[in-house]
Amino acid sequence: MTAVAVTTISTGRRQLVNVRQRSLVVAKWRMLWVLTLFGMIALCALVRIAFLGVFEPSRGPATMADALLPSRGEIVDRNGVPLARAFNAYALWYNPKALGEGGSPLVKSPAEVAAALVRLFPDMDQAKLTARLASGEPGYLRRRILPEDANKIHAIGEPALEFPRENQRFYPQGSMAAHILGFVGADGKGQVGMEQVFNDKLTDPATRGTPQMLSIDLRVQGALEDELGRGMRETNAKGAAGIILDVDTGEVVALASLPSFNPNLIDEASTPNIFNRVTNQVYELGSTFKPITVASAIDAGTVTSMARRYPAAPFQIGGFTIRDSHAMGASLNVPEALIHSSNVVTAHVADELGPARLNATMRALGMNERPYIELPARGFPLWPRGEARDGGWSLITTMTVSYGHGIAVTPLHLASAYAALVNGGIWRPATLQKLTPAQVPAGRRVFKASTSARMRQLLRMIVEDGTGRKADAPGFRVGGKTGSAEKPGAGGYRKTSLVATFASAFPMDRPRFVVIAMLDEPQGTQASSFQRTAAWNAAPIVGRVVPRIGPLVGVMPDETRDIDISELSPLIPAGAEE
């Protein structure tokens, strides 16, 4: 009995051991299968990662340097102040398929959603927005929104209103210098201004880390835009244009076209005021051309005495009567002709100068070709043709061009020409890029240095005693010339539509900057003493701009200094106003 019991117990123990061994084997196999499965998953992941690394383009920065670079480089003014920079922002996107195909894209009605969005963004057009939402077409509703706005949009409860994060272009100064900068389109490419000119440098990883520096001074730009805007409002003008140019380098320190636009709120399909009046629009700039004609005649030796008198009575030529705005006496000398702004005397000076020489001077000043500047929008002048005489123009064309009619150029053309008038006679191309002394172009000589010296005296006299008196800024020795030209229209010139311009430079004892101010179709208002001519509207703009910008550009007022005009003063018995 005892032996049988022992055998039974031993057999039971062996069976238990066998069960445990089988359980362990099963567990090991299960773990092996699990590990094998995880291994295969890991292998697939590694293969996928390798495939993406080899065959798929990178979706992010390839290096740490790329990660630290802005998506688009900065544009700064000559002092390093940011004018355009990149940053990450939210956009408002309409996705009508967010709720699936076939049904309504919105939970609420388009009108209700549009009303809710207009409460957040009052500048949006509710009727257009309602129509846009009802159309079911996907697209941007707004290109830039703040994070708090995104939260408010989310609270509206419409899945179709999405706000993806995107790289955006931001212009810290708003509309200031908009016509210089341009904007960045929806395709990420620069448009219109220096954004277009610099596009490759701003997007190239090798260069986008270095800000692109412009020649403009933001402080001067602000002063010019402010005073042009004031002049435009005071005279109910259609538009305004202005430019401040370094006479020795051709650098543009400020350039303004009004009305302007805000590149932060750009709508490529309908944004108004993108057209640049300074570089793209051509005008007949009237009497501002008279100093150019006189300088050409002095250079050619046909005007040798400032005391010589010319007939001032109206005269006919080719069926056309050349006359002045009012009677100026029987005769005038050259200083009087410029001070009183006589078309008649300027025409006589041009007649003696001859068509070929006046034509050559205008060509040397670049008046027959698009203005020299980096901006893509550059207007082509309306260059007079007609019957050739002595290799130039017909006599009547020569005379009318001499006082700024029959030829249309941009205000930038005029600025570069006046720089040559006062800087010693050298014409240089204008530029919007800051130059080092070594980069300043040699330019080309147009006038003799002695002629330029004489013109500085004459331009200063116009401001002291003539039509430019309202541009006189005490201590800044401003010199310049007014121009009030009727705009051409169907059937001839429109006497009720003027382009009023004042072309100037300062300080005339050592010219540093040219300042051009132009108003398009100013009206006679109380602010301009009910006058529409440049003496009453454009000249005062310069008179306000110069004292504001002088200290900013290193020209301090000094009433103890001035250019010497003592030899010419006895030739001027009385002043005038245009």
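Where is the place of Ser497? Ser497 sits in strand E18, which covers residues 492–506. The model described here is a predicted one. Ser497 counts as buried because its relative accessible area is 7%, and the cut-off for buried is under 20%. Leaving out residues up to four places away in sequence, Ser497 touches Ala485, Glu486, Lys487, Glu521 and Arg532.

Another strand to look at is E10, residues 252–258. Seven of its seven residues are buried, so strand E10 is largely enclosed by the rest of the structure. Strand E10 pairs with strand E9, which spans residues 239–246. The two strands pair in the antiparallel sense, over six bridges. One of the residues to find here is Ala240, whose bridge partner in E10 is Leu258. Between the two strands of this hairpin there are five residues, and Gly250 takes a positive phi near 85°. As a general point, side chains in a regular strand alternate between the two faces of the sheet.

Next come the nonpolar cores. The largest of them has 86 residues. Leu214, Met362, Leu365, Met367 and Val514 are the residues with the most contacts inside this core. Helix H15, residues 411–422, supplies the largest share of the core, with nine residues. A second core, separate from this one, has 34 residues, including Val220, Val253, Val515 and Ala517. Leu365 can serve as an example of the surroundings of a core residue. When neighbours within four places in sequence are set aside, Leu365 is in contact with Ile292, Ala417, Ala420, Trp427, Arg444, Val446 and Phe447.

Nonpolar side chains are also found on the surface. Val25, Trp29, Leu32 and Trp33 form a nonpolar patch there, and their accessible area together is about 470 Å². Val25 belongs to helix H1, residues 2–55. Val25 is described as partly exposed because its relative accessible area is 43%.

Charged side chains give another way to read the model, which has 22 salt bridges by the rule used. One of them joins the side chains of Asp217 and Arg219, at 2.7 Å from N to O. What is the relative accessible area of Asp217 in this pair? The value for Asp217 is 4%, so Asp217 is buried. Arg219 has a relative accessibility of 43% and so counts as partly exposed.

A second salt bridge links Arg230 and Glu234, with the closest N and O atoms 3.0 Å apart. Both residues lie in helix H9, residues 218–234, and they are four residues apart, about one turn of the helix. Arg230 is partly exposed, at 35% relative accessibility. Glu234 is partly exposed as well, with a relative accessible area of 29%.

A third salt bridge is formed by Arg277 and Asp520, where the closest N and O atoms are 3.0 Å apart. Arg277 lies in the loop between E10 and helix H10 (290–300), while Asp520 lies in strand E19 (residues 513–520), so the pair ties together parts that are 243 residues apart in sequence. Arg277 and Asp520 are both buried.

Salt bridges can also be linked to one another. Which residues are linked in a network of salt bridges? The network consists of Asp226, Glu227, Arg544 and Arg548.

How values were computed:
Residues numbered from 1 in each chain as written. Predicted model: local features only at pLDDT ≥ 70, side-chain atom pairs only at ≥ 80, totals over all residues. Heavy atoms only, no water. Patch = residues over 30% accessible without salt bridge, like charges linked within 9 Å, V, L, I, M, F, W, Y side chains within 5 Å. Areas by Shrake-Rupley, 256 points an atom, 1.4 Å probe, with all protein chains shown as cover. Salt bridge = Lys/Arg side-chain N within 4 Å of Asp/Glu carboxyl O. Buried < 20%, exposed > 50% of the residue type's maximum accessible area, 1.4 Å probe, protein only. Pairing = 2+ DSSP bridges. Core = buried A, V, L, I, M, F, W, Y, C linked by side-chain atoms within 4.5 Å. Contact = heavy atoms within 4.5 Å.
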